[in-house]
Structure formats: structure tokens, C-alpha cells
Amino acid sequence: MRRSGIADLPLHGGRVPEWLADRMTRLGTGITEAIVHHYGRSAFLSRLSDPCWFQAFGAVMGMDWHSSGITTSVMGALKRGLAPRAHELGIFVCGGRGRHSRNTPQELLAVAERRGFDGQALVRTSRLTARVDNNAIADGFQIYLHSFVVTAEGEWAVVQQGLNDASGTARRYHWHSATVRDFTAEPHTGIVGAHQGEILNLVDAQAGPAQDAILTMARDPERTIAEARRIHGVKPGQLQMPFHHDVREENVDTRRLGAVLAVAHDRDLKNFADVLLLESLGPRTLQSLALVAEVVHGAPARFSDPARFSFAHGGKDGHPFPVPLRVYDETLDVLRTALNRAAVGDTEKLDGFKRLDRFVRSVEKNLQPQADFTAALEHERRISPSLGGRTVMDARRHRRS
């Protein structure tokens with residue numbers, strides 16, 4: 001069993017304000033539902049175990065595009081949002097940060113009892129992944145967040161994060177129990193995280209070998225740890241984020257961003273995009289929806305520039321621009337309406353997101369528009385007040401005044 005990827009992130013403090021945390025919970029839940037609807041639970045775990053997709057996922061939800069806080073906030077949002085519908089969606093998020101990570105065994109045992117899993121095997125796996133990343137690899141990082149996500153089929157992913165006080169950085173580790181060929185039914189190359197390991201399906205009649213493999217690892221942890229040390233020199237999918245807080249042009253693929261901006265703001269292209277979505281939308285909301293659609297439907301190689309996804313809903317610290325609450329809420333409304341209709345068999349609106357993503361990629365390929373990064377950033381900051389732009393600094397300034 002090998003981890004599927006690593007991400008190194010600047011260490012940031014602070015808390016996610018309630019006005020953003022609530023929206024992140026709803027958007028994260030909606031994106032998860034859309035992925036499960038189109039591609040299944042296994043594909044969602046495959047995405048979750050890719051460090052670049054995970055970073056883009058956090059950025060599109062309005063978190064700082066590169067900071068360590070993305071890990072805590074994204075996993076917290078998923079746990080809050082998916083818990084009420086865990087049995088319906090078949091996805092269970094256990095653990096979390098600090099004291100919540102210590103609750104992981106009890107939470108896994110509770111899920112296992114309800115679903116008929118071997119709970120002790122899952123608990124041993126949870127502890128083993130934490131031990132490998134915390135003790136086996138002498139990289140100076142101490143685990144303080146451990147999230148274990150398990151599906152109704154018994155497949156699992158682990159997202160955990162360690163702290164290095166000396167360097168002021170955090171390191172996020174991704175694990176996945178299954179080898180998933182791709183994110184969609186189409187064959188893709190250039191997967192950022194090398195998804196490796198044996199398939200674990202604890203409720204399948206032929207799951208015995210997978211259960212035996214987990215038990216073998218748990219019974220002989222030193223051998224597993226030795227193997228982890230041996231392969232550590234072979235770099236898995238690794239994401240190295242810069243220390244600068246602002247989003248810079250070199251952090252963004254301007255051709256990909258250019259296609260999104262062209263579809264949203266060019267009148268003829270926007271009119272066609274509205275037809276694809278079966279809805280008439282303002283250009284700024286269409287821009288956000290196009291990036292959300294890419295998070296749901298995009299191929300793995302497209303998440304090499306996660307900063308680009310902050311052009312959906314900005315960042316809580318104002319980088320690249322304040323969170324446009326009016327756009328965020330309209331995005332949530334469109335996505336939730338599409339999901340609700342799909343739940344009763346009307347998938348046209350939800351399928352519109354897939355059509356929109358394909359259209360943006362077609363524009364990118366055939367027209368090859370290049371975004372004027374500086375102009376796009378200035379435009380976003382200029383219109384921010386009219387879109388209800390907000391940052392965590394607003395409340396602090398209000399308290400001081």
C-alpha cells in the first residue's frame with residue numbers, strides 16, 4: 001500500500017469565518033454529489049487522493065489557494081455536509097483535526113457496525129497510515145489532522161496533515177485503497193498523483209484477499225514501515241506550493257483561464273454557454289460555474305495550476321480578490337437546483353455542467369485565448385463591492401472602528 005500523493009504548504013493560522021464555512025459546506029457537498037452522480041463513489045475518492053485536485057477543490061470553495069488551512073477547512077466542510085446524507089450517498093467522513101482525529105477509531109467502528117464491515121481492520125489501517133506518515137518517514141512533520149473517508153463498498157481514502165514548526169510549513173499526505181484508472185470513463189494520461197494499492201471492497205463476496213492484505217499489514221507494521229521508507233525516495237504525486245500569499249501570473253495557466261473568461265464574457269460564447277446550461281446567467285456567475293464544472297468533470301492533468309480555481313470565488317484573505325458572496329450564492333442555487341432535479345430523474349440541468357466543461361475545453365483548444373492576468377485581477381477587484389465582496393479582514397476592521 002502506497003500513498004497517492006503529498007502536498008507541501010505554507011503554514012497559516014486563523015479560522016474560517018461562519019459566512020464562508022457555511023457556503024463551503026454547501027458547495028463541497030454539492031460538488032461531491034455531482035461527482036458521485038456522474039462517476040460514482042470510487043471516482044470521488046480518486047479525486048480526493050490527488051493533491052492537485054484537492055487544492056483546486058479548496059480554492060474553488062473560496063479558501064486561500066495555497067495555505068495549510070485548505071486541508072482542515074475542506075475536510076471539515078465535507079464532514080459537516082455529508083454527515084446528514086452519509087447513508088444516502090454512501091460516503092462516511094471520520095476523524096478530523098486535533099481531538100477529532102482521536103475519535104476516528106470510534107467513528108469507524110460505528111460505521112462498520114451499521115454497514116457490516118470489518119471495523120477492526122479499518123481501525124488498524126487508519127492507525128497504520130498515521131504511523132507511517134508520522135513516524136516511519138523522518139521528514140520532521142508531526143501529524144495533527146487525520147481524516148478517514150470510507151464508502152459503502154468499503155473503499156477508503158485518507159487525508160492527513162503534519163506540521164513542521166522549524167520550517168513553518170505543513171505537509172498533506174493522501175492515501176487511497178484502490179487503483180482507479182481515471183477520473184472519468186475516458187482514458188486520461190498525466191495523472192498527478194500515482195494512485196496505487198490493492199482494491200478494498202469489504203462487502204463484496206470476493207473481498208477476502210483484500211481483507212487479508214490489510215490484516216497482514218496491521219500484523220506486521222514494521223515490514224510495512226520499512227517498505228514505506230524504501231519507496232520514499234521515489235517521489236509520488238507531489239505538490240509544492242510557494243510561500244507568497246498573492247496569486248501571481250506564473251501560478252496560473254493563462255490559456256485555461258482565458259477560455260473560462262472568454263466563455264463567460266464574450267457575448268456570442270456566453271449566449272451559447274447559457275443554452276448549454278439551460279439557463280440565462282450573468283457573466284460573473286457563469287465564470288464561477290465553469291470552474292465548478294471543471295472540478296467535477298475535469299481530467300487529472302488539468303489541476304496542475306490550482307490557483308486558477310480561485311477565480312471562481314476569490315479567497316477569504318482577499319487573494320486574489322474578496323469572496324463575491326452574491327456570485328457564490330447564485331452558484332450554490334444553480335447547482336442545488338440541478339441536483340434536486342436530478343434526484344427525481346430530471347438530469348438535464350446537471351448534465352449542463354458537463355456540457356459547459358466540454359465547451360470551455362473546446363474554446364481553449366480551438367481558439368486558444370490568453371487571459372490578460374493583470375487586467376482580469378484588476379477587473380475582479382474593481383467589481384468586488386457590487387458583488388458583495390468580503391474577506392476575514394472586514395469583521396476585524398469593524399471591531400476596531
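Arg 326 is exposed, with a relative accessible area of 55%; exposed means over 50%, buried under 20%, and partly exposed in between, with a 1.4 Å probe and protein chains only. Arg 326 sits in helix H15, residues 325-343. Helices (H or I, at least four residues) and strands (E, at least two) are DSSP runs, numbered from the N terminus. Neighbours within four places in sequence left aside, Arg 326 is in contact with Ser 386, Leu 387 and Gly 388, where contact means heavy atoms within 4.5 Å. The C-alpha atoms of Arg 326 and Arg 284 are 9.9 Å apart, with their positions 42 residues apart in sequence counted as separation.

The model is predicted: local features need pLDDT of at least 70 and side-chain atom pairs count only at pLDDT 80 or more, while totals for chains, interfaces and linings use all residues. Residues are numbered from 1 along each chain as its sequence is written, and side-chain values use heavy atoms, with hydrogens and water left out.

The protein chain has 18 helices and 8 strands. Of its 401 residues, 58% count as buried. Among contacts between residues at least 6 apart in sequence, 70% join residues at least 24 apart. The accessible surface of the chain comes to about 16,500 Å², and 49% of that belongs to carbon and sulfur atoms; areas come from the Shrake-Rupley method.

Most residues other than glycine have a negative phi, and most peptide bonds are trans. Two residues other than glycine with positive phi are listed here.

| Residue | Phi | Loop between | Relative accessible area |
|---|---|---|---|
| Leu 278 | near 60° | H12 (267-277) and H13 (283-297) | 43%, partly exposed |
| Gln 368 | near 50° | H16 and H17 | 46%, partly exposed |

The peptide bond from His 319 to Pro 320 is cis, with omega near 5°. Pro 320 belongs to the loop between helix H14 (310-313) and strand S7 (323-324).

On the surface, Glu 249, Glu 250, Asp 372 and Glu 378 form a patch of negative charge. Patch residues have over 30% relative accessible area and no salt bridge, and like charges are joined within 9 Å. A salt bridge is a side-chain nitrogen of Lys or Arg within 4 Å of a carboxyl oxygen of Asp or Glu. Asp and Glu count as negative, and the charge is placed at CG of Asp or CD of Glu. Asp 372 lies in the loop between helix H16 (348-367) and helix H17 (373-383), the loop that also holds Gln 368.

Terms used
Patch = residues over 30% accessible without salt bridge, like charges linked within 9 Å, V, L, I, M, F, W, Y side chains within 5 Å. Areas by Shrake-Rupley, 256 points an atom, 1.4 Å probe, with all protein chains shown as cover.
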